[in-house]
Amino acid sequence: ADVDTIAVLTPEQGSDFGWNQQGVDAARAAAEATGVEIIVAEGLGYGDVRAPMRELAAEGADLMLAHASGYNTAGPEIAEETGVPVAIVDSPEALKPGLVADYTLSGHEGAWLAGRLAAKMTTTGTVGIVVSGEPPSWNSQSAGFAQGVQAENPDVKILYSVIGPAAYSDAAGGNRVTTSVIAAGADIIFGQGNGSSFGMIQAVESNKATDGSDVLFIDVIGDKSSLDKGHFLTSVVWDMTPVYTAMIEDLKADKFGTRSYAISLADDSVKLIKTPQVDEAAWAEVMAMRDQIVAGDLSLEPIFDAQAVRDLVTVSE
Amino acid sequence: MSMADEIDTPDTTSVQAAVMRRRPALRVALLTLGPILAALVLSAAILLLVGVDPLKYYSYVLQRGLFSGLGLQQTATRMAPLLFLCASLIIAFRAGIWNLGTDGQFLLGAVIAAATAPLLVGVLPGWLVLLIGFVLAALVGALWSILPALLRAYHGVNEIITTLMMSFLGVLFASVLVKLVFLDPATTVPQTRTLPVADRLPRLFETSISSGLIWGLIAVIVVHLMMTRTAFGLRLRMVGANPHAAAHAGLSVPLLTMAVFALSAGFAGLAGASEILGVAGNVRADWNPAYGLMVIPLVFLARFHGIASIVLVFFYSALLIGSESAARRLGVPQDFTLVLVASLLICLGLGEYIDHRLRQKEQ
Amino acid sequence: MDGLLTEAFLSSLLTGAIVAAIPMLLAGLGEQMSEKAGVLNIGIEGMMLMGAYLGFYVAFQFDSIWLGFLGGLVGGMLVAILMAVLCVRLGLNQIVIGIGLTLGVEGLTALLHHFQFSRTYPRLPAPVRADIPVLSDIPVIGPSIFSRHPIVYFALLSVVVLAYLYRRTNLGMTLRAAGESPAALDVAGGNVLGVRVFSVLFTGAMAGLGGAYLANVGAGLFIPFMTGGAGFIGIVLAMLARGRPLWVLIGALIFGAALSLTTALQVAGSNIPTDVIQMLPFAAVMLVLVVFGRKARLPATLGNSYERGAR
Amino acid sequence: MSGLATQATDLPPNTGAGIIGLSNVTKRFPGVIAVDDVSLTIHTGEVHVLLGENGAGKSTLVGMLAGLQEPDEGFLTLAGSRARLTSPVASLDAGISTVFQHSMLVPTLTVLENLILGAPWYNRPHRELIEERMATLQREFALSLPLDALTGELSLGQQQQIEIARALLRDSRVLILDEATSMLTPQGAEELGARMQKLVQSGLAVIFITHKLSEAYRFGDRISVLKQGRLAGQMGPDRLATLSEEQAIDEIVQLMFGRDNSGGDAERRRSSRTDEVLLDVVGLETEGDADVMGLHDISLQVRAGEILGIAGIDGNGQKQLAEALAGQRPVAQGQVQLQNKTVTTAEVAERRRVGLRYLTDDRLGEGSIGAFPISDNTVLKDVGEPPFWVRGIERRAQITQHARDLIRKFQVHTPNETTPIGRLSGGNIQKVLLGRELLGNARVVVFNKPTYGLDLQNIEASRKRIGEIAAAGKGVILISTDLDELMALADRIMVMEGGRIRGTLDNDGGGETLRLRIGRLMAGEDLDHKASA
Ligand SMILES: Nc1ncnc2c1ncn2[C@@H]1O[C@H](COP(=O)(O)OP(=O)(O)OP(=O)(O)O)[C@@H](O)[C@H]1O
Ligand SMILES: Nc1ncnc2c1ncn2[C@@H]1O[C@H](COP(=O)(O)OP(=O)(O)OP(=O)(O)O)[C@@H](O)[C@H]1O
Ligand SMILES: [Mg+2]
Ligand SMILES: [Mg+2]
């Protein structure tokens, strides 16, 4: 099929150093790579996205990237209604040739590596996971991180804390919960939280660990290292460019909707970034493990269920 | 923030007063259009402040929300739940009850509709599935208001605080229900089962407008007539205006108060159902469009009048739809519509005040 | 779950409770004065949010958290001025204007944030802490309560000051008269509108301060919608406290404790879903109302405007 | 009583210069001219009585002196020079203290707090000072108040004393009392009269508003009569001194109504009592609590054509009895039968349907809905009933017509039937309510202070209507604090005290002796013993 314009739809502004920004940036890059026009519709919120989708379809988009799990009911319906192909997330069952494709993004492998790194570097023997909600893609990373920590050193305690239901923009809550987790002994925080993660970072910067050392922060999806004041350990960065590029190409080749897309360590669409705070020796070991995973010597199953995550981290003494 | 001064300077008022004494039609026009214009100018100033061309913005809004066929259909669809909420608030406000808990009632109504309808599809005829969804939503909405209703009716506890509390509770509870009870096992995303498009409220003619619009319009008009033209409506208004007088006249104030809560919350529940059964098809965890708080100013601006509420809801929906598209083109976040609505509210409020003052002066 | 009564659990509970309670306390104390005077200040959520925005903006521009608090105070008062003009002077409906102002501030601050900070997300340095000598060395309680930002002590102090003013001066009685029977205050030579305007501005200042605390101490930056209903909780606290500042404090601490209990339980390894725990404070308020409902009397003219000689 | 009156008028009128003047003052409200081109002078050392029918503009005049309203035309003078009173503060500063027709106290504050209300907020309550001053007031005027009691818990009489005390504490030069005696017992009114005389002797000016003409004569040094907003006439001290009470009242009535009228002292009604028992109450009891008095063992019968008067000092259970009969107050024990049908547990609406009607004395609080138009208020008790509603749907034209008829028949002063009833003067609201109760198939009507706050002409008309109702074979219970009214209308007079029936007397036209006997019962004494002071 002819593809000359694609559209990407995100719930928040594409400048959040996270999910939305990665989506928009990747869509731009993919459009450039494949030589198509792009319409960016950002900040659409988590409500009903049918109206903007219909409008984008009417404006001639040939593919709509519905970049939020909240859009995966509306997406296929609009695809059906307008005939314009739509890509949605987290719905491998929803494939429909020519109309609906799925990309289920899971950074669990990257998070697993981050977990190993954290377990190597903790001095208090306790690490924390702080999240502002429990969507599946975050759950899989929380689980991956916990499994990584346990694989590295089963003695390291993992504290898990959810700020609150739908606390995505609760920066003060992020700060408060992170502070509590640090007070309870954690010196490395694995944080997932949209707006609230800025609060987590604030807490990491302004509190000392219980043994007096600096607290370090592991971020996900986006790259906030430009904001760093010496407390970033790493980030599990997602790059959706390969996914979007493949989609556009499949669409051109009339193969759209026949497969799911994913990100992985192999093509660096999931990768860890290295900051000055990273211990060189530990980094080398973690990178070696990365290669093992890529080579298929190690395989990790994603876990999407919130309850399963809690079971992993619950400390039962 | 100088709207008050802008409009209320002695010069302009006396000029307006002079004009108005002669031409009542012109007066009405000035007093409704004036504030609207002022609100638009005020919002435009804010847009200019952040470097956006307000004329472009407004023209996008008009084009996309009102003057394009597609936009108009979207606007009409968006109206349905808002209309049910109008009906809910008109009953409550006219009966002197501040039901500020419509968000919780709305969400729980939505959740129950989303939890039951998909299970009944195929078991029962389509119209019955929808009917059951609506009825259950109304019941659950009403049920969620029973505590504030009892407290108000039998203990005189102010309903503002209780309905707000129950709303916070209801929003959380809806999310708990979705995550723990009505979860769709087929997806990893925490949401209820989805009602297939074909089984939702039918669309109107060949458009994408949900027939929820029609039911919403009927709801508002019926409620309006009930409150203004029937004995039952007068009884409710009596209870709202002076409960002692109502008791003296032999009405059962507690029972009527309960009825107001039940009806108002029931309509809020229906609003939730209309959004789910007409448009969305399912409820996701943590979903909360918070329409309730938004509709309160609209109903108030309409002075609790049904038809006026419909008109305002129409323009508000057009604004929502139009601004979604204007946002994309001009990089102005959606949230700007809130600024516009707030300035409208303030300016129309000021207009009403000036009108009031002018009338006093004339006498 | 033998981790429940450890020092870590207790100190994280107490720390969290205080940190979360302060903005609600400030808002509640402010709202309380408006309510006493008969103004139902629903716009308080907007005042808080404006306080958060302006508080952060000033702190960031001038590189001073202290100036930031001043900015927050002014921000809250700016919104309060609108409220005072529209609802007290012009007598427009308090609930509707309050909701309108809240919505407007939400939109406005989100808009300004978008154009100013959404690409850089600047953050403030960690706020200073003032240890109170001796007290801060007490285990558990010491670091949780007596080693906090000075504004925390200010908030606690204002509980005492307000209680004193309400009890020992004519302020309490003047406010109550303005709320119960404004006509009586008017003919007795009191200034009803003056009292009400003052109380609304006070609410704005306190709410703005609470907002600035959220942004500057709580988060270190401004995020749209970051108050997330704290102002509404302030309204509820004020209504439950029946005129007594100390009760606002107790209520705020209970709310704060419930919020931080979520974290503390999770840190202790418990496994109760967050949503359920977070329902607790609201459920508790409802329970209080069901049990003591009859006594929750509000000022007679709460929410009504006053116009001399109208009938 | 007449002795006291003579004493009052015998005092030398200590007439001084005009302390306040009104010059061609006019005040308009939507649809009415409340005060129309009035010029008056208030002198120190005089009790200046303002008289006038309901809605004549008395309270409006007071409002302008109190700084609540400003004249639309004309101006005020203070000590001879032109002045504006733009706010209550300005009025207070000018030395004018006002006790309003409707209570202006904050019920949730203590007496002390109400006394110092208006003081700067940052001050501490100066309790010692107030105590000292109150001691003086007690000596001079026998005013004694519990400073720490909650105002709302005190009796209306005590509340009125607070207002008077507050005015006196301010060292004002002019004291205005708007219908200050309406809530007082006859004895309380006498005390107030004496108090006013003391005040003017100490150099104050007093403006006193009342509907009771004999009070006006006995307490007043100068009388001004308002009629539909205009000053209809004035009687100075010299003129008053030459007239007897009867002559003065005749002259006032002439001024107020433009015709001869002997108002309050109407001829005794001819009884139309029959033997048929319409209402039979046996052993009625209700629960009481801190705020309301309970009823104990009330038994009474009302026959067709009979008027049963209920006397008693305000607040001795009369209102509770009326409410229990109307079905508004739960009955703890006893039985109520209407025409041999038990209605003890029937709802208000049910009782109304079988013909039991109740005219409340709380016309603003429960009798009417201030914000609703007069038309809706006329059918408030018939909502849903034909012909105004058919199958629940309103018939607007019927309601309008009905309201217009009522307005005409009862001479309600109003622009039209769509005016919110709250805008009417107190007396005119009362007319609407009266009209509402007399409509339809009433069998027994309970009137609670039906003429309270009405002017003479309307009192007379209302009394005539009540008599007609009885004459038409209906039963009437007439609750009143006005003995003249009861003695003029009732067949029997039942006296209530402390929630019980103290005794029932036949109205045998016994004049002063009967009055005395009733008075003793009201004070809770047995008829056989002499009153002990
Ligand atoms: N329901 C209320 N509404 C408004 N203000 C109130 C209310 N209850 C108390 N206040 C005021 O709050 C302030 C403090 O009240 P507080 O109850 O602490 O005083 P208190 O003398 O200790 O009373 P108590 O004897 O009831 O304990 C006082 O100014 C009081 O007037
Ligand atoms: N604020 C107001 N708004 C509208 N009309 C008013 C207002 N105040 C007074 N009026 C009207 O002015 C007229 C005079 O009223 P006012 O209260 O002065 O009468 P009054 O002589 O005190 O009567 P009453 O003996 O019944 O108390 C009445 O017709 C009344 O309806
Ligand atoms: Mg106490
Ligand atoms: Mg009067």
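Select Ser23(D) in this predicted model and look across to strand 4 of chain D, where Phe75(D) stands opposite. The two residues belong to an antiparallel pairing: strand 1 of chain D, residues 18-29, is joined by 5 bridges to strand 4 of chain D, residues 73-78.

Next, colour strand 5 of chain D, residues 81-83, which runs antiparallel to strand 4 of chain D and is joined to it by 3 bridges. Within this pairing, select Thr77(D) and then its bridge partner, Arg82(D), in strand 5. Strands 4 and 5 of chain D form a hairpin with 2 residues between them. Which residue in the turn has a positive phi? Select Ala79(D), whose phi is about 45°.

Move along chain D to residues 222-227 and 230-235, which are strand 9 and strand 10. These strands are antiparallel and pair over 5 bridges. Ile223(D) may be selected here, with Met235(D) opposite in strand 10. Strands 9 and 10 of chain D also form a hairpin, again with 2 residues between the strands. In its turn, select Gln228(D), which has a positive phi of about 45°.

While the strands are on display, side chains may be shown as sticks. In a regular strand they alternate between the two faces of the sheet.

Now hide chain D and display chain B as a cartoon. How many helices and strands does chain B have? There are 16 helices and 0 strands. Its radius of gyration is 22 Å, close to the 21 Å that the globule rule gives for 363 residues, so chain B is as compact as a globular protein of that length. Along the principal axes, its C-alpha atoms fill a box of roughly 70 × 60 × 35 Å. Of the 363 residues in chain B, 61% are buried. Turn on the surface of chain B: the accessible area is about 13700 Å², and carbon and sulfur atoms contribute 69% of this. Then select the charges of chain B, 23 positive and 17 negative, whose mean positions are 7 Å apart.

Finally, display chain A, which contains 10 helices and 12 strands. The C-alpha trace of chain A spans about 60 × 40 × 35 Å along its principal axes, and its radius of gyration of 20 Å agrees with the value near 20 Å for a compact globule of 317 residues. Buried residues account for 65% of chain A. On the surface of chain A, about 9800 Å² is accessible, with 47% belonging to carbon and sulfur atoms. Select the charged side chains of chain A last: 18 are positive and 45 negative, and the centres of the two sets lie 3 Å apart.

Notes: Residues are numbered from 1 along each chain as its sequence is written. Chains are lettered from A and ligands numbered from 1 in the order in which they are written. This is a predicted model: local features need pLDDT of at least 70, side-chain atom pairs count only at pLDDT 80 or more; totals for chains, interfaces and linings use all residues. Side-chain values use heavy atoms; hydrogens and water are left out. Helices (H or I, at least four residues) and strands (E, at least two) are DSSP runs, numbered from the N terminus. The radius of gyration is taken over C-alpha atoms; the globule rule is 2.2 Å times the number of residues to the power 0.38. Buried means under 20% relative accessible area, exposed over 50%, partly exposed in between (1.4 Å probe, protein chains only). Accessible areas come from the Shrake-Rupley method with a 1.4 Å probe; for residues, only the protein chains shown count as cover. Lys and Arg count as positive and Asp and Glu as negative; His and the chain ends are not counted. The place of a charge is taken as NZ of Lys, CZ of Arg, CG of Asp or CD of Glu. Two strands pair if DSSP finds at least two bridges between them.
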